[in-house]
Amino acid sequence: MSACFHNPVSTVFGAGSLARVAELCTGKVTLVTFPEAAQLGLVERVRGLLGERLVCVIDTVQPNPDVAWLRDVHERFWAEHGDCDSVFALGGGSAIDTAKALIVGTQSGSFDELLELLASGKPFTPARHKPLIAAPTTAGTGSEVTPWATLWDSARQKKYSLHLACTWPQVALIDPQLMLSVPGRVTVSTGLDALSHALEAIWNHNANPISDTFAVSAIEDILDCLPQLQQDLANPELRARMALAALKAGMAFSNTKTALAHSISYEMTLRHGLPHGIACSFTLPMVLGLAWGRDGERDRTLQKVFGPDLASAQQRLRGFLHRLGVHTEFEDYGVTAAEAEAMIDEAMQGARGRNFIGSQAA
Ligand SMILES: NC(=O)c1ccc[n+]([C@@H]2O[C@H](COP(=O)([O-])OP(=O)(O)OC[C@H]3O[C@@H](n4cnc5c(N)ncnc54)[C@H](O)[C@@H]3O)[C@@H](O)[C@H]2O)c1
């Protein structure tokens, strides 16, 4: 057995830990957050904690940051606040991923220069960058402990994946109290995103015993906790358990990347408008079936959670999703069997799909 695990993010976890933001961010700070944050009193709280050090607030982040919106925000940020010392992302994956794009500056100041570099798919060193401190307000994406950001281009029906050494957050500040206001629908979809991260970290060519430890623990917590939380959204203990589960899932896939379910999800979000967490989880029972029997060690890890029988494992996962109100078949989302087959085949060839242990393209 051998393993190599690397995650450079300092993690601060606990109810009330937002209070430490002034000590964790350096110098002049830009806050990147979601539109409801002002109404929830979060922008004022951060202003109270940072005082005059808070020099810029970007609070127009929409779900799934789109390059058409990001272009202007990015260029104005570098033109007007290029001298700030750190960026504080306070929000779900959309705010954190937006902040990851913002901290990467270009030579010319043009956002399209960054997009061209991303489209080339080649590694590059950014002209300038800033440190990122990330405080998730949803329990799902794990973006606070990963270097990736997904940038969407809905007009062209494509997405970009940003991943640089500097896009690892410097600090993940996880305060479960920030999640108490997340509506039921978003609580479920983000929790399922975390479940998908953990499972995808297991049926993955890059898996190792350390990522497995995080993944198995996250799956057990989510299967137990998410249905309870759906019925009791104001419960701080359940919020904290889901926050920790999402963190563990994030740690797991920070070293393995995602796999087939995520590869399929991008198409389902771009073409069928599914929220990310639903798009990457409704296929989990089907993908479990494709993973099972491919690799003895991967089977043993999956069986730690689901027991030795595939049919019961799939039934358990399907029942879990159905009880949360999530449909599990392509046809439920208007995708025919033939379209689904083509989508799965194509997803297997994608960058994430090739991480899947059942992919022939690996
Ligand atoms: N970088 C990564 O590793 C990674 C991993 C998974 C997903 N993602 C990306 O993250 C995005 C999805 O992030 P998400 O699922 O966290 O959702 P989100 O950030 O889009 O937020 C969903 C909704 O909830 C609202 N919201 C967020 N926090 C709230 C709170 N505390 N109270 C009330 N409302 C709140 C937001 O305004 C938004 O309307 C997608 O763009 C996806 O591609 C990134």
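**Exercise 1. In what order do the six strands of the open sheet lie, and with what pairing?**

Start with the source. This is a predicted model: local features need pLDDT of at least 70, side-chain atom pairs count only at pLDDT 80 or more, and totals for chains, interfaces and linings use all residues. Residues are numbered from 1 along each chain as its sequence is written.

Step 1. Fix the terms. Helices (H or I, at least four residues) and strands (E, at least two) are DSSP runs, numbered from the N terminus. Two strands pair if DSSP finds at least two bridges between them.

Step 2. Read off the order. It is 1-10-7-4-2-3, and the pairing is parallel.

Step 3. Find the edges. Strand 1 (10–13) and strand 3 (54–58) each pair on one side only.

Step 4. Add the twist. From one strand to the next it averages 15°. Axes are lines fitted to C-alpha atoms, for helices over the stretch in contact, and angles run from 0 to 180 degrees between N-to-C directions.

**Exercise 2. Which strand does strand 7 (residues 132–136) join through two bridges?**

Step 1. The partner is strand 10 (residues 171–174), and the two run parallel.

Step 2. Take one residue. I133 has V171 as its bridge partner in strand 10.

Step 3. Look for a helix on the sheet. Helix 4 (residues 67–81) packs there, touching strand 2 (29–33) and strand 3. Its direction makes about 170° with that of strand 3. Contact means C-beta atoms, placed from the backbone, within 7 Å.

**Exercise 3. Where does the ligand lie with respect to domain 1 and domain 2?**

Step 1. Name the domains. The assignment, automatic or from a database, gives domain 1 (10–177) and domain 2 (183–355).

Step 2. Check the shell. Both domains give residues to it, so the ligand lies between them.

Step 3. Pick out the nearest residues. Of the 30 around the ligand, these are F34, P63, G92, G93 and S94. A residue counts as near if its C-beta atom, placed from the backbone, lies within 6 Å.

Step 4. Find the main contributor. Helix 5 gives the most to the shell, with four residues.

Step 5. Sort by class. The shell has ten nonpolar, 17 polar and three charged residues. Ala, Val, Leu, Ile, Met, Phe, Trp, Tyr, Cys and Pro count as nonpolar, Asp, Glu, Lys and Arg as charged, and the others, Gly among them, as polar.

**Exercise 4. How many residues of domain 1 are in contact with domain 2?**

Step 1. Count both sides. 18 residues of domain 1 touch 26 residues of domain 2.

Step 2. Sort the domain 1 side. Six are nonpolar, ten polar and two charged.

Step 3. Compare the centres. Taken over C-alpha atoms, they are 25 Å apart.

Note on methods. Two residues are in contact if their C-beta atoms, placed from the backbone, lie within 7 Å.
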